[in-house]
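Trainee: I've got a fold to look through and could use some company. Mind if I fire questions at you?

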Amino acid sequence: MRLALRPLYTLLLFLLPFFIIAQEKFTLNGVISEASSNETLIGVTIAIPSLKTGVTTNEYGFFSLTLPKGTYELQISYLGYQDLIRTITLDRDQKMNFQLTEKAEVLEEVVLTKNVEKLNISKPQMSVNNLSVQTIKSIPVVLGEADIIKALVLLPGVSNAGEGASGFNVRGGAADQNLILLDEATIFNSSHLFGFFSVFNPDAIKDVKLFKGGIPSRYGGRVSSVLEIFQKEGNSKEFKMNGGIGAVASRLLAEGPIIKDKAAFLIGGRASYAHLFLPLFDVENTAYFYDLNTKLNYKVDANNSLFLSGYFGRDVFGISSSFENIYGNSVLNVRWNHLFSDKLFSNLSLIYSDYYYGLELDFVGFKWNSGIQNFNLKYDLKNYLSDRFQVNYGINNIYYSFNPGKIVPNGPESGILEEQLIKKYANEFAAYVDVEHSLSASLSLQYGLRLSHFIRLGQDELNVYENDTPVIFDPFLLVYKEATPTGTITPARSEQLATFTNLEPRLSLAYTLNEDQSIKASYTRIAQYLHLLSNTNSPTPLDVWTPSGPFIKPQLLDQYAVGYFRSLKDGDYSLETEIFYKDIQNRIDYIDGANLIANNAIEQVILNGEARAYGWEVLLRKNEGRFNGWLAYTLSRSEQRTPGRVSSVDNGRSNQETGINFGEWYSTPYDKTHDISLYGSYELNKKWRFNTNFVYQTGQPTNYPVGQFQFQELTVPFYGLRNKQRLPDYHRLDLSATLTPSKNLNRKFQTEWVFSIYNVYSRMNAASINFRRNQDTGVNEAIRTSIFGIVPAVTYNFKF
């Protein structure tokens with residue numbers, strides 16, 4: 001009898017998956033927004049505890065869930081908002097929109113985070129950090145101005161070159177290896193006033209997400225990270241204003257309905273004014289910034305929405321009346337959201353991005369203008385095939401125009417001749433597919449492929465070199481020199497000087513050990529076709545972007561990461577720890593004494609090499625309660641190698657060359673062995689909230705003289721191998737207290753005071769160390785240059 005039934009059992013097992021697939025299913029979709037403003041919310045978790053599944057809203061607040069017919073309890077959770085629980089009966093396809101309310105200002109509150117944490121634990125996404133705007137505003141910073149970039153450097157794997165340094169570094173990468181997106185538009189310079197402030201106004205920001213690894217295939221073009229920032233859409237229910245008055249800058253933001261519940265606007269501005277007080281001290285210099293954020297949105301109908309967003313920012317720095325420097329970003333984005341069905345969401349964007357750098361030198365008699373522009377057309381779709389299988393796919397095309405510099409006389413008596421450095425042009429096309437796939441209750445995958453194709457287009461003039469080698473090596477002096485061109489060509493704009501095509505696979509997986517623990521792993525390959533020409537430790541406004549081409553190859557990244565993730569005490573605490581390894585091909589470096597400014601033949605000072613970085617990151621968070629915060633630690637190395645001899649790097653050079661540092665690995669300028677960040681926030685009562693952060697970093701690599709020699713009665717210092725020494729270790733403690741007056745209760749006009757102290761114990765951290773001969777003693781001495789000691793500040797914030 002058992003033998004007779006065995007074929008039947010086998011047949012049933014074979015047909016079981018088909019019965020499951022054939023089970024009647026329905027789709028629930030909708031948009032989740034904020035109750036007071038209709039602002040859509042990104043990354044809201046919609047969990048189905050009974051099925052141990054769920055989804056999160058996309059960049060426009062949209063979600064879609066396909067489930068078997070039945071009755072379910074939905075748990076909707078989002079940081080900073082009250083959890084929402086709804087029971088639904090799914091017996092047909094349904095569209096339901098939900099609205100969340102900000103958490104009431106009470107100290108004792110029941111928060112349903114357990115199922116949300118379990119869902120995050122099981123997702124394959126790793127090496128990603130989200131920061132809420134409220135957290136960013138609470139972190140103590142210099143001069144009291146809330147700053148997104150300064151908040152990011154408190155996370156594991158993120159650092160910068162120190163106080164007053166532009167940009168940020170992720171997992172040992174350079175600042176130009178970060179893709180910074182504001183409403184999908186590329187931001188080429190993320191700093192105001194040479195790094196003291198970021199270009200992002202926190203009042204206008206809705207969501208901040210940093211991808212350090214496991215980067216989805218919809219992103220490309222930078223090999224270290226993606227910083228994705230979305231602006232608010234505007235309040236379509238009622239008119240609101242908020243702002244702040246600080247020690248050196250103020251801000252004001254207004255938003256409100258154009259058509260109630262259908263169309264809204266947002267406009268916000270910031271400006272610094274410390275320079276207005278300089279004349280009181282007989283100082284004629286100027287240094288200030290201003291920026292403007294704008295957003296319009298219009299809900300055409302249930303399936304269509306239109307958005308127009310923009311940003312414009314400028315920095316002005318002048319010395320007396322003889323020098324003026326103006327630079328900044330401009331971006332504009334027009335977007336159309338369309339819902340084809342309850343499972344298929346699309347977004348079409350037309351984006352313009354521009355970075356401008358201008359310099360006027362009256363005492364020389366000329367103006368200098370440079371910059372980069374791009375036009376980007378992108379179309380993204382997401383298909384929610386089921387709660388366990390979603391597909392993202394799309395295309396985008398970017399056209400670049402590079403202006404390395406134009407010199408113009410600033411008057412008839414200047415004596416300077418107008419000159420335009422050779423402009424460069426390029427086009428970058430990409431197509432991608434990305435799949436989110438839950439194979440079982442324990443194993444989830446995210447995998448995808450990106451195809452990128454880069455064309456370096458023709459330009460007015462291009463140098464030709466013997467053996468296509470623009471840099472030559474002198475075997476007698478053991479130095480690299482600029483090669484002399486053998487001629488020039490004048491290719492048409494439509495001609496292709498060089499083309500590069502790369503397949504960029506991505507893979508992330510999560511294996512759930514139990515409800516509170518998982519192991520994750522990821523592999524990422526990315527090609528970067530743009531290079532920032534800079535030989536400083538952090539970017540400066542004068543740095544120029546250049547495309548890959550006949551003499552400069554695209555950077556290629558292979559990154560591997562493995563991590564352990566754990567939720568503790570039902571989500572009150574969380575632990576994330578990862579190890580990573582990055583290998584980058586074709587990382588450029590420069591010959592000694594390279595001139596990068598106004599260089600029409602930049603290929604003559606560039607050497608191709610490779611880079612690598614590896615490390616261990618730990619992030620321990622306290623998520624709930626009166627006291628919350630995190631402890632972050634990173635142990636890492638970031639190295640570069642530029643060999644002259646034939647090795648694993650195919651640079652096409654002679655084996656007689658020494659390379660840099662004799663072809664051995666050397667520390668990059670942003671290598672930080674140890675990096676510790678501690679942030680804490682304590683809510684004492686409804687009136688007072690206290691915040692603190694402590695930062696410790698290994699000193700950044702530098703070069704000190706290792707000897708000296710006499711030449712024509714001059715003492716000339718001699719420097720050894722590149723980046724062999726380090727600045728002293730960096731550390732500081734910051735404190736802040738936020739006072740919310742009791743009179744705020746039940747009144748429309750809300751205020752708060754923020755008192756902060758940056759660098760409490762006035763640590764004079766070294767920005768640089770220079771050497772000179774003491775004129776009195778004749779002895780060489782080291783001079784430490786520091787930017788900030790202790791800096792107290794007061795900021796007054798308001799909203800109504």
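Mentor: Go ahead; keep in mind that this is a predicted model, and we'll go from the overall build to single residues.

Trainee: What radius of gyration does the protein have, and how does that fit the globule rule for 800 residues?

Mentor: Start with the make-up: four helices and 53 strands. For 800 residues the globule rule gives 28 Å, and the model comes out close to that, so the protein is as compact as a globular protein of that length. The radius of gyration is 28 Å.

Trainee: What percentage of the contacts with a separation of 6 or more comes from residues 24 or more positions apart?

Mentor: Think of the packing here. Buried residues make up 54% of the 800 in the protein. As for those contacts, the share from residues 24 or more positions apart is 66%.

Trainee: Which element gives the largest share of the largest nonpolar core?

Mentor: That core has 45 residues, and Leu152, Phe168, Phe200, Leu227 and Trp630 touch the most other members. Several elements supply at least two residues each, among them helix H3 (133–138), strand S17 (225–231) and strand S41 (627–641). The largest share, four residues, comes from H4.

Trainee: How many residues are in the second, separate core?

Mentor: Let's finish with the main core before that: Leu227 touches residues including Ile149, Leu152, Phe168 and Leu210, leaving aside those up to four places away in sequence. The second core is separate and includes Tyr355, Leu359, Phe402 and Leu530. Its residue count is 24.

Trainee: Is Asn467 buried or exposed?

Mentor: Asn467 sits in the loop between strand S30 (462–464) and strand S31 (471–474). Its phi is positive, about 60°, although Asn467 is not a glycine. Anything over 50% relative accessibility counts as exposed. Asn467 is at 67%, so the call is exposed.

Trainee: And Asn723, buried or exposed?

Mentor: Asn723 also has a positive phi, near 55°, in a residue other than glycine. Its loop runs between strand S47 (714–719) and strand S48 (725–726). The cut-off for buried is under 20%. With 13% relative accessibility, Asn723 is therefore buried.

Trainee: Last one: how far apart in space are Ser534 and Asp589, C-alpha to C-alpha?

Mentor: Ser534 is in the loop between strand S36 (530–533) and strand S37 (544–547). Its relative accessible area is 17%, so Ser534 is buried. In sequence, Ser534 and Asp589 are 55 residues apart, but in space the C-alpha to C-alpha distance is 9.2 Å.

Conventions:
Residues numbered from 1 in each chain as written. Predicted model: local features only at pLDDT ≥ 70, side-chain atom pairs only at ≥ 80, totals over all residues. Heavy atoms only, no water. Rg over C-alpha atoms; globule rule 2.2 N^0.38 Å. Buried < 20%, exposed > 50% of the residue type's maximum accessible area, 1.4 Å probe, protein only. Contact = heavy atoms within 4.5 Å. Core = buried A, V, L, I, M, F, W, Y, C linked by side-chain atoms within 4.5 Å.
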